[in-house]
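Here is a set of exercises to work through with a viewer open. Try each task on your own before reading the solution beneath it.

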2 protein chains.
Amino acid sequence: MRGRLQAAAWALYAERGYDRTTTAEIAARAGVTERTFFRYFPDKREVAFDGSAEFMASFTDAIAAAPAGLGPMEVLLRAFRSMEPMLADNRAVNEPRQAVIGATPALRERQSAKAAAMTAALTQALRDRGVEAKLAALSAQTGMALWDHAVRAWYEDPSVGLGVHLDRAVQALRQLSAGDA
Amino acid sequence: MRGRLQAAAWALYAERGYDRTTTAEIAARAGVTERTFFRYFPDKREVAFDGSAEFMASFTDAIAAAPAGLGPMEVLLRAFRSMEPMLADNRAVNEPRQAVIGATPALRERQSAKAAAMTAALTQALRDRGVEAKLAALSAQTGMALWDHAVRAWYEDPSVGLGVHLDRAVQALRQLSAGDA
DNA sequence: GTCTATACTGAGATAGAC
DNA sequence: GTCTATCTCAGTATAGAC
């Protein structure tokens with residue numbers, strides 16, 4: 001049912017836009033009542049981000065699984081690299097999804113919140129490895145910046161793997177931070 | 001009127017919490033009707049972030065005003081340092097504000113969106129100086145991470161200035177990014 | 001599954017400033 | 001008279017309580 005509601009929501013969001021779609025319509029297209037919609041999703045926005053919890057869990061699991069003795073950034077970069085297969089699979093799904101999200105302020109706001117939650121989760125995963133709190137937060141935020149940069153570059157140029165783009169992002173970061181303070 | 005509505009909203013948010021405060025109550029306390037509230041604020045959340053546009057403008061103005069020939073990170077750090085007086089003034093106002101925001105999911109979500117908007121504004125300000133798009137984005141995101149780190153450290157330890165904490169944040173970043181990729 | 005509170009929108013009327 | 005701010009009224013949709 002979750003999947004049917006999601007499919008119905010995406011179809012309607014794409015057809016008429018998020019704002020012009022009511023939760024009643026989504027439910028009707030899925031063949032259930034409006035109330036059922038809210039049993040599966042806490043609010044109308046959340047439908048657009050289903051699966052983000054699993055994605056986040058993959059990250060934090062990879063961080064927890066990294067060998068001991070690595071620095072925080074090394075741990076994050078390893079985790080990022082481990083996500084490449086999953087990212088490649090989801091690419092075809094994500095691009096139209098992003099188009100709708102980008103065109104809808106309410107969904108962009110939720111996406112910002114999701115990104116913040118992801119950063120918080122990375123921070124916590126690093127702290128669980130013994131990294132001091134503020135350093136963990138700085139690492140997680142910087143890591144997210146690298147991740148963003150690499151993913152964007154990879155979307156532009158898929159001829160090389162995400163790993164290569166991550167290396168380049170790290171290079172760029174080193175140059176940036178080496179500049180005079 | 002804007003100020004009266006804001007004051008009323010903050011008083012009620014602090015008294016009974018954001019969720020248990022209705023827009024009608026805010027308006028009533030300010031001596032106007034509910035409809036008037038929505039003439040000044042697009043939604044109930046936005047009252048809590050009044051002035052953020054001006055804050056953002058200060059940042060981007062400082063970036064635009066920086067001398068030519070500096071690298072993106074140098075430009076950002078200069079802008080950050082220029083914000084210290086304003087930050088010191090607002091500290092007494094911001095701390096209780098943050099308490100309410102932190103306790104309210106809806107306001108935290110809006111705050112994430114504001115942070116994302118700030119990052120986007122920094123990115124654009126760097127691009128206006130001729131910095132390439134993805135490098136500008138990476139710089140802005142990394143800069144925000146430094147800013148966060150420094151501000152948090154400064155709240156914990158105000159015995160030294162924000163500038164000192166910024167220097168330390170840059171040091172930490174260098175160590176992080178110097179680690180093996 | 002039903003009912004209700006409340007956030008938000010739109011159109012038009014009123015009143016005061018200039 | 002024009003402009004702008006506020007109010008009045010009527011309504012829809014989300015979300016939560018029961």
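The exercises below go from a single chain to the pairing of two chains and then to the two DNA strands. Keep in mind throughout that this is a predicted model.

**Exercise 1. The single chain**

Task: Work out how many helices and strands chain A has, and how far its C-alpha trace spans along the principal axes.

Solution:
- Step 1. Assign the secondary structure: chain A comes out with nine helices and zero strands.
- Step 2. Write the elements in sequence order, which gives the pattern α-α-α-α-α-α-α-α-α for chain A.
- Step 3. Take the principal axes of the C-alpha trace; along them chain A spans about 55 × 35 × 30 Å.

**Exercise 2. Relating the two copies**

Task: Find what rotation and what shift along its axis superpose chain A on chain B.

Solution:
- Step 1. Recall the general setting: two copies of a chain are related by a rotation about an axis and a shift along it.
- Step 2. Superpose chain A on chain B; the rotation is 180 degrees, the shift along its axis is 0.0 Å, and the RMSD is 0.1 Å.
- Step 3. Name the relation: this is that of a two-fold axis.
- Step 4. Compare the interface residues. In chain A, 100% of them are also interface residues in chain B, so the copies meet through the same surface.

**Exercise 3. The interface between the chains**

Task: Describe the contact between chain A and chain B by residue count, buried area and polar pairs.

Solution:
- Step 1. Count the residues in contact: 38 of chain A meet 38 of chain B.
- Step 2. Compute the buried area, which is about 3100 Å² between chain A and chain B, with carbon and sulfur atoms giving 60% of it.
- Step 3. Count the residue pairs in polar contact between the two chains, keeping those with both residues at pLDDT 80 or more; there are seven.
- Step 4. Trace the chain A side back to its elements. Those giving two or more residues are α5 (72-82), α7 (105-128), α8 (133-156) and α9 (162-178) of chain A.
- Step 5. Look for the main contributor: α8(A) has the largest share, with 15 residues.
- Step 6. Sort the chain A side by class, which yields 19 nonpolar, seven polar and 12 charged residues.

**Exercise 4. Salt bridges across the interface**

Task: Count the salt bridges between chain A and chain B, and inspect two pairs.

Solution:
- Step 1. Apply the salt-bridge rule across the interface of chain A and chain B, where it finds six. Over all chains the count is 26.
- Step 2. Check A:Lys134 and B:Glu156, which form a salt bridge with their closest N and O atoms 3.3 Å apart.
- Step 3. Check A:Arg45 and B:Glu109, another salt bridge, whose closest N and O atoms are 3.8 Å apart.
- Step 4. Place this second pair. B:Glu109 sits in helix α7 (residues 105-128) of chain B and A:Arg45 in the loop between α3 and α4 (52-65) of chain A, so the pair joins two chains.

**Exercise 5. DNA strand D**

Task: Identify which residues are closest to DNA strand D and which of its atoms they approach.

Solution:
- Step 1. List the neighbours: 16 residues surround DNA strand D, and the closest are A:Thr23, A:Lys44, B:Thr36, B:Arg39 and B:Tyr40.
- Step 2. Split the DNA atoms within 4 Å of the protein; sugar and phosphate account for 79% of them in DNA strand D.
- Step 3. Examine contacts to phosphate oxygens of DNA strand D. A polar side-chain atom lies 2.8 Å away for A:Thr23 and 2.3 Å away for B:Thr36, while B:Thr33 uses a polar backbone atom at 2.9 Å.
- Step 4. Assign elements: α3 (34-40) of chain A and α3 (34-40) of chain B each supply at least two residues, and α3(B) gives the largest share, four residues.
- Step 5. Classify the surface near DNA strand D as four nonpolar, six polar and six charged residues.

**Exercise 6. DNA strand C**

Task: Decide which part of DNA strand C, a base or a phosphate, B:Arg35 and B:Thr23 each approach.

Solution:
- Step 1. Collect the surrounding residues, among them A:Thr33, A:Arg35, B:Thr23, B:Arg35 and B:Lys44.
- Step 2. Split the atoms of DNA strand C within 4 Å of the protein: 54% belong to sugar or phosphate and the rest to bases.
- Step 3. Follow B:Arg35, where an N or O atom of the side chain is 2.8 Å from a base oxygen of DNA strand C.
- Step 4. Follow B:Thr23, where a polar side-chain atom lies 2.9 Å from a phosphate oxygen of DNA strand C. B:Lys44 places a polar backbone atom 2.8 Å from a phosphate oxygen of this strand.

Conventions. Residues numbered from 1 in each chain as written. Chains lettered and ligands numbered in written order. Predicted model: local features only at pLDDT ≥ 70, side-chain atom pairs only at ≥ 80, totals over all residues. Heavy atoms only, no water. Near = heavy atom within 4 Å. Polar contact = N/O pair within 3.5 Å; in protein donor to acceptor, adjacent residues only side chain to side chain. Nonpolar A, V, L, I, M, F, W, Y, C, P; charged D, E, K, R; others polar. Least-squares fit on C-alpha atoms with pLDDT ≥ 70 in both. Contact = heavy atoms within 4.5 Å. Buried area = accessible area lost by both parts, 1.4 Å probe. Salt bridge = Lys/Arg side-chain N within 4 Å of Asp/Glu carboxyl O.
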